[in-house]
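Before reading on, take a moment to look over the sequence and the model side by side. The paragraphs that follow move through the open and enclosed spaces in this protein and then turn to the ligand.

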Amino acid sequence: MQRLQSWLFVPGHRQSMIDKAHGLGADALILDLEDGVPPAAKETARAQIAKALPKAATAPLFVRTHPAHDAELTNDLDAIVAPGLAGLVLPKVNAAEDIIHLSAALAESEGQAKLPVGQIRILALVETARGLIQAPAIAAASPRMAGLLFGAEDFALDTHADAGDDFLYARSALVIAAASSRIQAIDRAHLNLHDTHGLSASTRQSRRLGFTGRLLIHPKQINAVHDAFRPSPEEVDYAQRVVAAFNEDTGSIVVDGHMVDLPVVERARQTLALYNRRNTETP
Ligand code: COA
Ligand code: MG
């Protein structure tokens, strides 16, 4: 699966937001059935999501279901496993067993829906202390796994931390767990809708830590997140010079007073690929 940077939450019971969501330019949409939807609106949300799935999609559609072992999860799967569903976001994942449980239920639903078994991907929301400790095993739990996401508000609740904290340890641990299974690491949502500067600065930090994407809650956050993931002109310039100067026959060289060897060159190539992703002209 291609790395998707912007993951926009869309409440499943808000039909007008679902209608709008496709044209907004987010890389992926997460239609919500869990905590963003009030209990009385769950059935409406399931029906609206089911209707949205087969429509021509400009962005892949994911659905946040109820957690593993929640009685509502079966109702979620019955309603939404259908062509057009790219994957599920499973919340409050505490152990690899939660993923294995979902994967088995999904295989059954895929069979009933005449979809190839294994097609629907899973992303795990890590938002508890237990989930963080188990994150490497969660990431490796199934070939369906496409990413780990960090849920800061539930994590703060579970750990008695301030929800405004940086959670540097937890976020770094999540990045490493995701990288160890070669899947995406997607950072927390930025809840202050008016704080574009804070959104940009914190997304640049996400990128520096190794996150490959970010959760969003409002359309106006999309461009700021894409911009923050784009390498700066200085980074692109340096990366180009590193790649141009390196010669496989010479081993280590020096660029701008810094030693450059193979991993540095590979990282520079990654920087250029990241830049080219949203830029048609090559740098
Ligand atoms: N997806 C799609 N469209 C959205 C949207 C979203 N997440 N958030 C806002 N919009 C739309 C609105 O419907 C509105 O459309 P309109 O101009 O056609 O009426 C437009 O964008 C501007 O919205 P705005 O008035 O600024 O926001 P709001 O007050 O309607 O909604 C929130 C604010 C926070 C309630 C809303 O953004 C939201 O529900 N976000 C997702 C929250 C969520 O899923 N939380 C759980 C996971 S953390
Ligand atoms: Mg949560």
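To describe the walls of a space, residues are sorted into classes: Ala, Val, Leu, Ile, Met, Phe, Trp, Tyr, Cys and Pro count as nonpolar, Asp, Glu, Lys and Arg count as charged, and the others, Gly among them, count as polar. Sorted in this way, the lining of the largest pocket has 14 nonpolar, six polar and seven charged residues. The model in which this pocket is found is a predicted one.

The largest pocket holds about 750 Å³ of space, and 27 residues line it, with Arg-3, Thr-212, Arg-267, Gln-270 and Leu-274 lying nearest its centre. Helix H8 (168-180), helix H9 (196-209), helix H11 (233-245) and helix H12 each supply at least two residues of this lining, and the largest share, eight residues, comes from H12.

Besides open pockets, a protein may hold enclosed spaces, and here the count comes to one cavity of 30 Å³ or more. About 40 Å³ of space lies in the largest cavity, whose lining is made up of Gln-5, His-226, Phe-229, Arg-230, Leu-274, Arg-277 and Arg-278. Two elements, helix H10 (222-229) and helix H12 (262-277), give two or more residues to that lining, and by class the lining divides into two nonpolar, two polar and three charged residues. Leu-274 is therefore a residue to find in the model, as it lines the largest cavity and is also listed among those nearest the centre of the largest pocket.

The ligand comes next. The space taken by ligand 1 is the second largest pocket, and the elements that give two or more residues to the shell around ligand 1 are strand S1 (6-11) and helix H1 (15-21). Strand S1 gives the most to this shell, with four residues. The residues around ligand 1 are Leu-8, Phe-9, Val-10, Pro-11, Met-17, Lys-20, Arg-64, Leu-193, Ile-217, His-218 and Pro-219, and by class they comprise eight nonpolar, one polar and two charged residues.

Which residues in this shell place an N or O atom 2.8 Å from an atom of ligand 1? For Ile-217, a backbone N or O atom lies 2.8 Å from a nitrogen atom of the ligand, while for His-218, an N or O atom of the side chain is 2.8 Å from an oxygen atom of ligand 1. The side chain of Lys-20 also takes part, with an N or O atom 3.1 Å from a ligand oxygen atom. Taken alone, ligand 1 exposes 900 Å², and the protein buries 56% of that area.

Definitions and conventions:
Residues numbered from 1 in each chain as written. Chains lettered and ligands numbered in written order. Predicted model: local features only at pLDDT ≥ 70, side-chain atom pairs only at ≥ 80, totals over all residues. Heavy atoms only, no water. Near = heavy atom within 4 Å. Polar contact = N/O pair within 3.5 Å; in protein donor to acceptor, adjacent residues only side chain to side chain. Areas by Shrake-Rupley, 256 points an atom, 1.4 Å probe, with all protein chains shown as cover. 1 Å grid on protein atoms, 1.4 Å probe; cavity = no way out; pocket = protein on both sides within 12 Å on 5 of 7 lines; lining within 4 Å. Sits in = over half its atoms within 2 Å of the grid points. Points joined across faces, edges and corners; volume = space filled by probe spheres on them.
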